[in-house]
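The report below takes up one helix and its surroundings, and then turns to the nonpolar cores and the aromatic rings.

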Amino acid sequence: MELRQLRYFVAVAEELNFGRAAERLHIAGPSLSQQIKALERDLKVRLFDRDRRSVTLTATGAALLPHVRTLVDQADELRRRAAGMSTSEPVRIGYVNWCPADWAERAAGVAQLRVDTWVMPSHTQAARVSEGSLDLAICWVQTTDLAAFSLDAHLIAVDPLDALSVGSDTSPVEAKDTVVLLDADKASWSSWNRYGEQFAEDTGARVVRIDDGGVTGQAFFEHVRRLRRPVLTNPKGHNTPEPKDLVRRPVVHPTPLWTWSLVWRRGEDDAAVRAVIDAFTRGSGDPDLDDETAWLPAADPYRRRRDHQRRRDERG
């Protein structure tokens, strides 16, 4: 019996779904199932009743769950004390629109997290890390931002952007046939405007300048209706359900990618912050940037790595 298996048991018990639990734990579904079976063999009890449609705790599993939670909590506290972090200040972390659902769990045992509720644009969050009001942030950055703010970054997620269009046609749309909305409010949309300008310059997409904040939300939907052309979606509203008269269409030739980075101060020497960085980046692997038809801005921190990988594959 291993501590990680106990963590897996708690996750499955809370989700009652092996797929969601595996995603939360960042492991493969079959591997999670095998670990639960191994734990059941070690304990000589059945913890879950499962079939193709549902997962439920057995009576034994339900009875053991609070004790397992206590063991996991005690193990985390022991690790904090061993690392001398039990009395350290919480690590302050901010984000823009997206963050891992399990980040507090991933940092458990190394530091306490304080998730900042002041959700601000990417360039603002990067500046707050630089000035010290945040320790970490999840945001979009370019190499110029990292240099200006003296930050380091690690890629943690990639969003392919699509387009929203009037009608029922959901077929792919060429990048050159899309519209990019750029807002006059640079304090709110500086990062998006930089991204959109570069995308339009590289692909021939049409730029439409607005001043009503209609990069997302209902105002965005009205712009799509008014323009009657596919409009590139902003990642901040990427998961917003569209009205019934509008449809999402994949963008191709090329497909625009938006990268999310974990950023921190260059030369960071706080042990708790470094421990959280390690917890967020260790063993997670790199999101896929290998799509040959994908587009990244020239100053994207990960474009050089993607291009290097392509050249190596071509020589290969």
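## Helix 2 and the cores

In helix 2 (residues 18–25), the residues F18, A21, A22, R24 and L25 are buried, where buried stands for under 20% relative accessible area with a 1.4 Å probe and protein chains only. Seen down the axis, these buried residues fall within an arc of 160 degrees, so they line one face of helix 2; the arc is taken over the directions from the helix axis to the C-beta atoms. The model is predicted, with local features needing pLDDT of at least 70 and side-chain atom pairs pLDDT 80 or more, while totals for chains, interfaces and linings use all residues. Residues are numbered from 1 along each chain as its sequence is written, and side-chain values use heavy atoms, leaving out hydrogens and water.

Helices (H or I, at least four residues) and strands (E, at least two) are DSSP runs numbered from the N terminus. Among the elements that cover the buried residues of helix 2 are the following.

| Element | Residues |
|---|---|
| Helix 1 | 3–15 |
| Helix 3 | 29–43 |
| Strand 1 | 48–50 |
| Strand 2 | 55–57 |
| Helix 5 | 103–107 |

Just after helix 2, H26 takes a positive phi of about 60 degrees.

The largest nonpolar core, a set of buried Ala, Val, Leu, Ile, Met, Phe, Trp, Tyr and Cys residues joined through side-chain atoms within 4.5 Å, has 59 residues, and W192 and F199 are among those with the most contacts inside it. Helix 10 (residues 271–281) gives the most to this core, with 7 residues. Apart from it lies another core of 20 residues, including A22 and L32.

Ring pairs link W192 and F199 into a cluster that also includes W140, Y195 and W258, the rings of Phe, Tyr and Trp (its six-membered ring) pairing if their centres lie within 6.5 Å.

Terms used:
Rings of Phe, Tyr and Trp (its six-membered ring) pair if their centres lie within 6.5 Å; planes under 30 degrees apart count as stacked, over 60 as edge-to-face and the rest as tilted. Buried means under 20% relative accessible area, exposed over 50%, partly exposed in between (1.4 Å probe, protein chains only). Contact means heavy atoms within 4.5 Å.
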